[in-house]
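Trainee: Got a minute to go through this one with me? I'd like to start with the charged side chains.
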Amino acid sequence: MIMKEEELKRLLSEYYDGTASESDEQELREYFASGDVMPGYETEQEIFSYYLSGDNIPEPEEGFEERIISAVHAHAAKENAHLFRRVLLPSLSAAAGILIITGLFLFLNSRKEPADTFNDPKLAYAETLRILVDVSSKMNHAKSALQPIGKMDDIRVRSLNTINRSTALIGKNLKPLEYLSGTSDAGNDKQ
């Protein structure tokens, strides 16, 4: 079947716009089924050859739409369950954590603290000594925990001293070479 390109373009445009008549669609099917297609329309030929082979597509069975709709509803329910796990569960967990922290604060804050003043000077002195010994032991414990940092600082100081000695030795050994660089510069100035 021979068709002019302008006619083919018009029919394809109407077909893709959805305004083509049944006879126009049939004419396009016949043209692309003939095998003698203009260059540049091979893609449309594949599309229409699929339509020709797809004439025997069966109608959907009864209840097909209901199954699709129920599957969509099931998927939506599943998404709502994910929303609960993703949003509501972390919010409830955060609220529970805040309640626990508030409860601990109130519990620890409500414990009876020792009185700030004493009527008996000996008792006040004994309490002061007990507090100072407690503070001293905690400071000694903290000091022992910081000993590795002190060792690292000692290693840093020793390393810097070693580098400084090496640099001084290299500088001392390069002093005689300054004489050569001074004479070579003077020689270059004369040339």
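Trainee: What's the nearest side chain of opposite charge to Glu44?
Mentor: Lys9, and that is 11 Å away. Glu44 is buried yet has no salt bridge. Buried means under 20% relative accessible area, exposed over 50%, and partly exposed in between, with a 1.4 Å probe and protein chains only. A salt bridge is a side-chain nitrogen of Lys or Arg within 4 Å of a carboxyl oxygen of Asp or Glu. For charge, Lys and Arg are positive, Asp and Glu negative, while His and the chain ends are not counted.

Trainee: So which residues is Glu44 in contact with?
Mentor: Leu12, Tyr16 and Phe32, leaving aside neighbours within four places in sequence. Contact is heavy atoms within 4.5 Å.

Trainee: And where does Glu44 lie?
Mentor: In helix H3. Helices are DSSP runs (H or I, at least four residues; strands are E, at least two), numbered from the N terminus.

Trainee: What's the pLDDT like there?
Mentor: H3 has the lowest mean among the elements of the chain, 74, and helix H1 (residues 5-17) the highest, 86. The chain averages 79, with 87% of the residues at 70 or above. pLDDT is the predictor's confidence in each residue, from 0 to 100. This is a predicted model, so local features need pLDDT of at least 70 and side-chain atom pairs 80 or more, though totals for chains, interfaces and linings use all residues. Residues are numbered from 1 along each chain as its sequence is written, and side-chain values use heavy atoms, without hydrogens or water.

Trainee: OK, how many salt bridges are there?
Mentor: Six by that rule. One joins Glu25 and Arg29 at 3.4 Å, N to O; both lie in helix H2, four residues apart, about one turn of the helix.

Trainee: Is Glu25 buried or exposed?
Mentor: Glu25 counts as buried because its relative accessible area is 19%.

Trainee: Any in H5?
Mentor: Arg130 and Glu127 meet at 2.4 Å, N to O. They are three residues apart in helix H5 (residues 121-145), so about one helical turn separates them. Lys138 also bridges to Asp134, with the closest N and O atoms 3.7 Å apart.

Trainee: Which of those two is exposed, Lys138 or Asp134?
Mentor: Lys138, at 55% relative accessibility; Asp134 is partly exposed at 35%.

Trainee: Switching topic: where is Asp36 found?
Mentor: In the loop between helix H2 (22-33) and helix H3 (42-53). Asp36 is exposed, with a relative accessible area of 52%.
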